[in-house]
Amino acid sequence: MTKTTNFACMTAAIAIAVATPALAETIEVAAGADAQERLQEALILAEPGDEIVLGAGYFTLTDGLSLDVDSVTLRGAGMDKTVLDFTKQIGAGEGLLVTSDFVTLRDFAMENPKGDGIKSKGADAIVYYRIRVEWTNGPSSENGAYAIYPVESTGVLVDGVKVSGASDAGIYVGQSKDITVRNSIAEANVAGIEIENSRNAVVEGNIATRNTGGILVFDLPNLPVMGGGNVVVRNNLVVGNDEPNFAPPGNIVGGVLKGTGVLIMANDGVWIHDNVLTDNSTSDVMVVTYPQPYDDDTYNPYARNVVIGKNTYARSGMDPQFEGREMLLAAFGGALPPVLWDGLSEGETGLSLAAEASGWSLNLANVGDGPDTAKPGPLVVPVNVINYDEASIGAPEELSARIAG
Amino acid sequence: MKTGLFLAATIFAAACAITANAGPPPEVNDAAVTETRLPRALSDFAFFADGPGQVPANGVTPYRLNTPLYSDGATKLRFLYMPAGTQAISQGEGLLSLPVGSALIKTFAFGEGADRRLIETRVLLHRADGWLALPYKWNDEQTDAKLAIAGARVDLTTPRGEQISYRVPNKNQCKECHGLNGEVIPIGPKVRNLSHDWQVGLVTAGLLNAAPDMETPLPMWEDRMAAKPEAAARAYLDVNCAHCHQPGATASNSGLDLRWEQTLPGLIGIGKRPVAAGRGSGGLLFDIVPGKPEESILVHRMKSNEPGVAMPELGKSTVDEEGVAAVTRWIEGI
C-alpha cells in the first residue's frame with residue numbers, strides 16, 4: 001500500500017521520537033490488595049519504552065488511573081483474563097486517562113467505570129488493541145458515556161476491541177485525525193462507533209449490533225477542532241441495531257433513532273461501501289443535516305460529498321421510528337428502502353450513489369425543519385463514482401506494526 | 001521499584017542528613033527544590049521552621065487568594081518561596097512569573113485550633129525544565145508528610161459534618177488541573193486574585209518587580225454578597241473550573257471556556273449544548289439557561305457528588321453549597 005507524503009513524514013517523525021531507550025524495563029503488577037496504589041505508582045514511575053504487564057485476575061480500583069509517560073505499553077493477560085474493575089470507583093471522570101504519546105494499551109478489560117472507560121486526550125499515536133470495556137448490567141442511562149474515548153489526537157488505532165453498554169458511544173473518536181477503527185465489536189451501546197469532528201478515518205471490519213445506532217459519522221459546532229470529513233466506512237457488519245435509545249437526555253446521541261445502521265450528519269467526504277447492513281429497523285443508511293440552531297461561523301451543518309457504494313442490505317426499514325410510520329410503510333410496500341436522506345444539501349454536493357441502491361428522501365425544505373414537514377418521495381440523487389484515495393486515510397502504519405506478530 | 005530511583009533516594013537522604021545537622025537558622029533546601037529527584041519527605045525541603053505548626057522558614061511568604069478553590073471545606077495554608085536574590089515578575093493581571101527555584105506550597109487542614117489536623121501539603125516546584133507538582137501526605141503523628149506519588153485516601157469529617165473519603169491526588173492528577181498546552185503551570189497566584197497590599201509588600205521587599213496595575217481584581221469570597229452576582233460567580237468559575245475549561249487544558253475538547261477574561265456568552269456556556277457530558281447532562285439541554293439555574297447543566301454538575309456527573313472531577317468529595325449559591329444567583333439574573 002502506498003502512503004501519501006504526509007504519512008511518510010509522520011512515520012519518520014515517530015521513528016525518531018520512539019528511539020528505544022537503552023534500559024527499557026518490564027514492570028509486573030499483580031492483582032490483589034492495594035492494586036490501586038501499586039498500579040498507579042507503576043504508571044507514574046514508568047519511563048519511555050517500559051512495558052507494564054498486568055497479571056490475570058480482577059484488579060479492584062476505587063479511583064481513576066492515569067498515564068502521562070510517552071512510549072509506554074500497558075499489557076494485560078487478555079481481555080477476559082485481566083479485568084480492571086471499577087464497580088467501586090468513587091473518584092475521577094474515567095477509568096483510565098492517557099495524556100502521553102506513543103502509548104499502547106492491550107489485552108485487558110475495564111468493567112463498570114463510573115464515567116468514561118479509557119480516555120486518551122492529546123495522546124498522539126495511540127493503539128488500543130484487544131481491550132474490552134463493558135458495563136456489565138447491560139444498557140442503562142446510568143452507565144458511563146464512552147467506553148473507548150480518544151480525543152484531540154493525531155494517529156489513533158483501535159483494533160480488536162469489544163465495547164458494550166456505553167450510554168453514549170462505545171468507540172468514540174473525537175477532534176482527531178488519521179484514525180483506524182477495525183476488527184472490533186460494539187454491542188448494546190447507544191452509538192456503536194462514532195467518529196466526530198475528525199478527519200482521515202477508516203472504520204472497517206467491525207461488528208456493530210444491538211446498539212441504538214451502529215456507526216455514526218458527524219460534526220458538531222462550537223468545538224475547538226472543526227471540519228470533520230474524509231472518512232471511509234467499509235466492510236463492516238452493521239446488523240440488528242435495535243436497542244431503545246438509553247442516552248441521558250441532553251446528549252446529541254439521544255436523538256438517534258432506534259434501528260439506525262449508519263448515520264452521516266454534517267460531514268464532508270464520506271464513502272460507505274462493502275458493508276453488510278441488515279435488520280436495522282429504521283434505516284440502514286441515513287444522511288442528514290445538523291438540525292439544531294447554532295452560532296458558529298466555521299460550522300457547516302450539511303452532509304457533503306457523501307458517496308454510498310455497493311453494500312448488502314436486507315430486512316431493514318420495517319419498523320421506522322417516524323411519525324406516520326404506517327402511512328410510510330404502506331406507501332413503500334411494507335418496508336422503507338435502505339437509504340434515507342433528509343433532502344438537504346449545499347448545492348449539488350450532498351449525496352450521491354456509486355452503485356445501485358434504493359432509497360427515499362424526506363425532501364425537507366430548510367435546515368432545522370422537523371420530519372412533520374417532510375414530503376417523502378423516492379431518492380433522486382446523482383449516480384456518480386468518486387474514487388476516494390482510500391490509501392491515504394487511516395492510522396499510520398507504525399501503529400499497526402506495533403501490534404504485528 | 002527501580003534500582004536507579006532507590007539509589008538516588010538513598011544518596012539524597014544522606015545529603016539531607018548532613019544539611020539537617022548544619023544547625024539553625026532554618027533555610028530552605030534549594031537543592032531539594034531544583035534538583036531532579038523527588039524528595040520523599042516534606043521536611044526535606046525545609047520550607048517550615050515548624051512544620052506541624054506551619055511556621056514558614058526564612059524566605060517563605062504566606063499568602064491568600066481573593067477567591068479560593070473549594071476543597072471540601074479544607075483550610076488551606078498557602079506559601080510562596082523564592083530563592084535569595086531572585087524576583088517575581090508581574091505580567092498584567094494573570095499569573096506572576098516566578099523564577100526557577102521558586103516553590104508554591106499549599107497545606108490542606110481540617111479542624112480548628114488544637115483539633116487541627118494537617119492532611120496533605122502540595123508543592124509546585126519550579127525547576128529548570130519546568131514546574132513539577134508533588135503531593136505529600138501528613139502522617140498520623142503529624143510530624144512530617146511523605147511523598148504520596150500514587151495519591152491516597154483519608155477518611156475525615158468536613159467542617160459541615162460530612163464524613164468523607166478525602167482524596168489526596170496522585171502526581172498525574174496534579175497535572176490534570178495544572179496542565180496547559182502540555183506544560184505544568186501554577187493556577188492560583190494570578191495578580192487579579194491576590195491582595196493588592198500583599199503585592200505592594202512584595203515590591204517593597206524587592207521580591208516583585210512592580211506593583212501591579214489591576215483593573216478588575218476578583219472579589220473577596222467572603223464579601224461576595226456585596227459584589228455583583230456576575231463578578232462573584234465568574235470569579236468562582238475562573239478559580240474552580242477554568243484550569244480545565246479553557247483552550248489547551250484538560251477539558252478543552254468540551255469547547256467550554258470559563259476563564260474570567262472570556263466574554264463570549266456561548267463559550268462560557270450560555271445556550272451551549274454539551275458534547276461529551278454523558279449522564280452528566282442530567283437530562284438537561286444547555287450548560288447555562290439564562291434565568292433558569294435548575295435547567296442548567298453547569299449547576300446540576302456542581303450539585304453532584306457522583307463520579308461521572310460531579311464537577312470538578314477531581315479535588316472534591318462534597319458539594320460546595322456556597323459556590324452553587326453564587327452561580328445560581330448569577331444565572332437567575334442573566
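The exchange below goes through the contact between two chains, one helix and several salt bridges in a predicted model.

Colleague: How are residues and chains labelled here, and what limits apply to a predicted model?
Modeller: Residues are numbered from 1 along each chain as its sequence is written, while chains are lettered from A and ligands numbered from 1 in the order in which they are written. Local features need pLDDT of at least 70, side-chain atom pairs count only at pLDDT 80 or more, totals for chains, interfaces and linings use all residues, and side-chain values use heavy atoms, with hydrogens and water left out.

Colleague: How many residues does each chain bring to the contact, and what area do chain A and chain B bury between them?
Modeller: With contact taken as heavy atoms within 4.5 Å, chain A brings 50 residues and chain B brings 38 residues. Buried area is the accessible area (1.4 Å probe) that two parts lose on being put together, summed over both, and 51% of it lies on carbon and sulfur atoms here. For chain A and chain B the buried area is about 3,300 Å².

Colleague: How many salt bridges cross the interface of chain A and chain B?
Modeller: A salt bridge is a side-chain nitrogen of Lys or Arg within 4 Å of a carboxyl oxygen of Asp or Glu. A:Asp68 forms one with B:Lys175, where the closest N and O atoms are 2.6 Å apart, and B:Arg167 forms one with A:Asp63, where the closest N and O atoms are 3.1 Å apart. Across this interface the rule finds four.

Colleague: Is A:Asp63 buried or exposed?
Modeller: Buried means under 20% relative accessible area, exposed over 50%, and partly exposed in between (1.4 Å probe, protein chains only). Its partner B:Arg167 has 12% relative accessibility and counts as buried. A:Asp63 has a relative accessible area of 2%, and therefore this residue is buried.

Colleague: Which helices do the buried residues of H5(B) pack against?
Modeller: Helices (H or I, at least four residues) are DSSP runs, numbered from the N terminus, and helix H5 of chain B covers residues 229–240. Nine of its twelve residues are buried, including B:Ala232, B:Tyr236 and B:Leu237. These buried residues pack against helix H6 (297–302) and helix H7 (321–333) of chain B.

Colleague: How many residues apart in sequence are the parts tied together by B:Glu322 and B:Arg224?
Modeller: The two residues form a salt bridge whose closest N and O atoms are 3.6 Å apart. B:Glu322 lies in helix H7 and B:Arg224 in the loop between H4 and H5 of chain B, so the parts they tie together are 98 residues apart.

Terms used: Helices (H or I, at least four residues) and strands (E, at least two) are DSSP runs, numbered from the N terminus. The expected span of a helix is 1.5 Å times one less than its number of residues.
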